[in-house]
Amino acid sequence: MKLGERPPEGRLRCRMTESEEDAPTIRLVAERLMQAHPHLDDGLVQGSVRTAYEELRYARVRTYLPVLMERRAKDLLASNERDERDA
């Protein structure tokens with residue numbers, strides 16, 4: 001297939017999403033979690049969101065990326081809070 005040509009029928013177009021394209025989503029999820037958990041360190045929340053993004057960044061279906069990132073980041077934050085209480 002040449003540059004600019006459409007893929008043959010029945011074939012999926014593979015689009016690699018760069019983190020720059022997802023930056024607004026990452027920022028939105030981090031801001032939402034920081035507002036929901038003001039007692040947590042901002043760096044911890046942002047790190048959890050970045051980890052969640054790294055785990056999901058190659059997903060083909062991008063529609064649910066924000067909600068999946070938020071859920072995964074919440075799980076990571078909860079795990080971190082449990083670890084701190086047990087220490």
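## Exercises on a three-helix chain

Arg32, Glu70 and Lys74 are joined to one another in a network of salt bridges. Keep in mind as you work that this is a predicted model.

### Exercise 1: Get your bearings

Work out which elements the chain has and in what order they run.

*Solution.* Start by counting: the chain has three helices and zero strands. Next, read from the N terminus, and the order comes out as α-α-α. Helix H1 covers residues 19-36, H2 covers 42-56 and H3 covers 65-86. Now look at the surface and the inside. Of the 87 residues in the chain, 23% are buried. The chain exposes about 6900 Å², and carbon and sulfur atoms supply 50% of that area. Finally, take the contacts between residues at least 6 apart in sequence: 56% of them join residues at least 24 apart.

### Exercise 2: Take the network apart

Find the salt bridge between Arg32 and Glu70, and say which parts of the chain it links.

*Solution.* First, check the distance: the closest N and O atoms of Arg32 and Glu70 are 2.8 Å apart. The cut-off for a salt bridge is 4 Å, so this pair passes. Second, place the partners. Arg32 sits in helix H1 and Glu70 in helix H3, 38 residues apart, and the pair links distant parts of the chain. Third, ask how covered each one is. Arg32 has a relative accessible area of 34%, which makes it partly exposed, while Glu70 is buried at 14%. Lys74 completes the network with these two.

### Exercise 3: Look for other ties

How many salt bridges does the whole structure hold? Describe the one between Asp22 and Arg62, then the one between Glu55 and Arg72.

*Solution.* Searching the whole structure turns up five salt bridges. In the bridge between Asp22 and Arg62, the closest N and O atoms are 2.5 Å apart. Asp22 belongs to helix H1 and Arg62 to the loop between H2 and H3, so this pair ties together parts 40 residues apart in sequence. Is Asp22 buried or exposed? Its relative accessibility is 7%, and that counts as buried.

Now move to Glu55 and Arg72, whose side chains meet at 2.7 Å, N to O. Glu55 lies in H2 and Arg72 in H3, so the pair ties together parts that are 17 residues apart in sequence. Both partners are partly exposed: Glu55 at 44% and Arg72 at 29%.

### Exercise 4: Go into the core

Identify the members of the largest nonpolar core that touch the most other members, and trace where the core comes from.

*Solution.* A bit of background first: in soluble globular proteins, nonpolar side chains tend to be buried together. Here the largest nonpolar core has 14 residues, and Leu33, Val45, Val49 and Met69 touch the most other members. H1, H2 and H3 each supply at least two of the core residues. The largest share, five residues, comes from H1. Now zoom in on Leu33. Setting aside neighbours within four places in sequence, Leu33 contacts Val45, Val49, Glu70, Ala73 and Lys74. Two of those names, Glu70 and Lys74, should ring a bell from the salt-bridge network.

### Exercise 5: Back to the surface

Which residues form a nonpolar patch on the surface?

*Solution.* The patch is made of Val61, Tyr64, Val67 and Leu68, with about 380 Å² of accessible area together. Pick out Val67 and you'll land in helix H3. At 37% relative accessibility, Val67 is partly exposed.

Definitions and conventions:
Residues are numbered from 1 along each chain as its sequence is written. This is a predicted model: local features need pLDDT of at least 70, side-chain atom pairs count only at pLDDT 80 or more; totals for chains, interfaces and linings use all residues. Side-chain values use heavy atoms; hydrogens and water are left out. Helices (H or I, at least four residues) and strands (E, at least two) are DSSP runs, numbered from the N terminus. Buried means under 20% relative accessible area, exposed over 50%, partly exposed in between (1.4 Å probe, protein chains only). A nonpolar core is a set of buried Ala, Val, Leu, Ile, Met, Phe, Trp, Tyr and Cys residues joined through side-chain atoms within 4.5 Å. Contact means heavy atoms within 4.5 Å. Patches are made of residues with over 30% relative accessible area and no salt bridge: like charges are joined within 9 Å, nonpolar side chains (Val, Leu, Ile, Met, Phe, Trp, Tyr) within 5 Å. Accessible areas come from the Shrake-Rupley method with a 1.4 Å probe; for residues, only the protein chains shown count as cover.
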